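Me: I would like a close look at one part of this protein model. Please take it slowly, with the cut-offs for any terms.

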Amino acid sequence: MKQHLFLLIILLATQVCIAQPTIVKNDATQVLYIGADNPVTVRVDHYKPAELIVKVSTGNISKTTVPGKYKWTICESNDSLAKIKIYCGKQFIKEISFLLLSLPDAVLSIGHNS
């Protein structure tokens, strides 16, 4: 009986942890790339995507046709981090930082199958 109760508690705790909303995530990787369009999803529990105001520390961010989806373009930056701030009206909700990396140089390969 104690084993069943313990397993039930573990299962419920796992469900509560998993149910927490992801507020901001980069759709492709854990970093943002300078010189590329970075797809970003912004979701906040209990708020509609249309209610949110998204501001970034560097570059430009624009909404896509899908609610909650954005395109964050960073042309250049001297910083190693880029920050995104989320508001609902004037109410600040959260700030998230992303690591910034430059795109690697293109390598030309002739006669090589990848």
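Start with one tyrosine: is Tyr87 buried or exposed, and what is its relative accessible area? Then tell me what surrounds it.

Reply: Tyr87 is buried. Its relative accessible area is 18%. Buried means under 20%, exposed means over 50%, and partly exposed lies in between (1.4 Å probe, protein chains only).

Keep in mind that this is a predicted model, where local features need pLDDT of at least 70, side-chain atom pairs count only at pLDDT 80 or more, and totals for chains, interfaces and linings use all residues. Residues are numbered from 1 along each chain as its sequence is written, and side-chain values use heavy atoms, with hydrogens and water left out.

Now look at the face of the Tyr87 ring. Lys55 lies over that face, 5.2 Å from the ring centre. The rule asks for NZ of Lys or CZ of Arg within 6 Å of the centre and within 35 degrees of the ring normal.

Next come the rings that pair with other rings. Centres must lie within 6.5 Å for rings of Phe, Tyr and Trp (its six-membered ring); planes under 30 degrees apart are stacked, over 60 edge-to-face, the rest tilted. The whole structure has 2 aromatic pairs. One of them joins Trp72 and Phe98. Their ring centres are 6.1 Å apart and their planes stand at 85°, so this pair is edge-to-face. Trp72 sits in strand S6 (residues 69-73), and Phe98 sits in strand S8 (residues 91-102). The two parts that this pair ties together are 26 residues apart in sequence. Trp72 is buried, at a relative accessible area of 0%. Phe98 is buried too, at 6% relative accessibility.

Tyr87 has a ring partner as well: Phe92. Here the centres are 5.6 Å apart and the planes meet at 70°, so the pair is edge-to-face. Phe92 counts as partly exposed, at 43% relative accessibility. Its partner Tyr87 is buried at 18%.

Move on to the charges. A salt bridge needs a side-chain nitrogen of Lys or Arg within 4 Å of a carboxyl oxygen of Asp or Glu. By this rule there are 2 salt bridges. Lys83 meets Glu95 in a salt bridge, N to O at 3.8 Å. Lys83 is in strand S7 (residues 81-88) and Glu95 is in strand S8, 12 residues apart. Lys83 is partly exposed, with a relative accessible area of 33%. Glu95 counts as partly exposed at 33% relative accessibility. Lys85 meets Glu95 in a salt bridge too, with 3.6 Å from N to O. Lys85 lies in S7 and Glu95 in S8, so this pair ties together parts 10 residues apart in sequence. Lys85 is also partly exposed, at 33%. Lys83, Lys85 and Glu95 thus belong to a network of salt bridges.

How do the strands fit around this? Strands (E, at least two residues) and helices (H or I, at least four) are DSSP runs numbered from the N terminus. Two strands pair if DSSP finds at least two bridges between them. An open sheet of 4 strands runs in the order S2-S8-S7-S4, with mixed pairing. Its edge strands are S2 (31-34) and S4 (52-56), each paired on one side only. S2 and S8 run parallel, joined by 4 bridges. Ile34 stands opposite Ser102 in S8.

Trp72 leads us to more strand pairs, as it lies in S6. S3 pairs with S6 in the antiparallel sense over 5 bridges. There, Val40 stands opposite Tyr70 in S6. Strand S5 (residues 60-63) also pairs with S6 in the antiparallel sense, over 4 bridges. Asn60 has Thr73 as its bridge partner in S6. The hairpin of S5 and S6 has 5 residues between the strands, and Gly68 in this hairpin takes a positive phi near 85°.

One last stop is a loop. His46 lies in the loop between strand S3 (37-42) and S4. His46 has a positive phi of about 75°, although it is not a glycine. Most residues other than glycine have a negative phi. His46 counts as exposed, at 75% relative accessibility.
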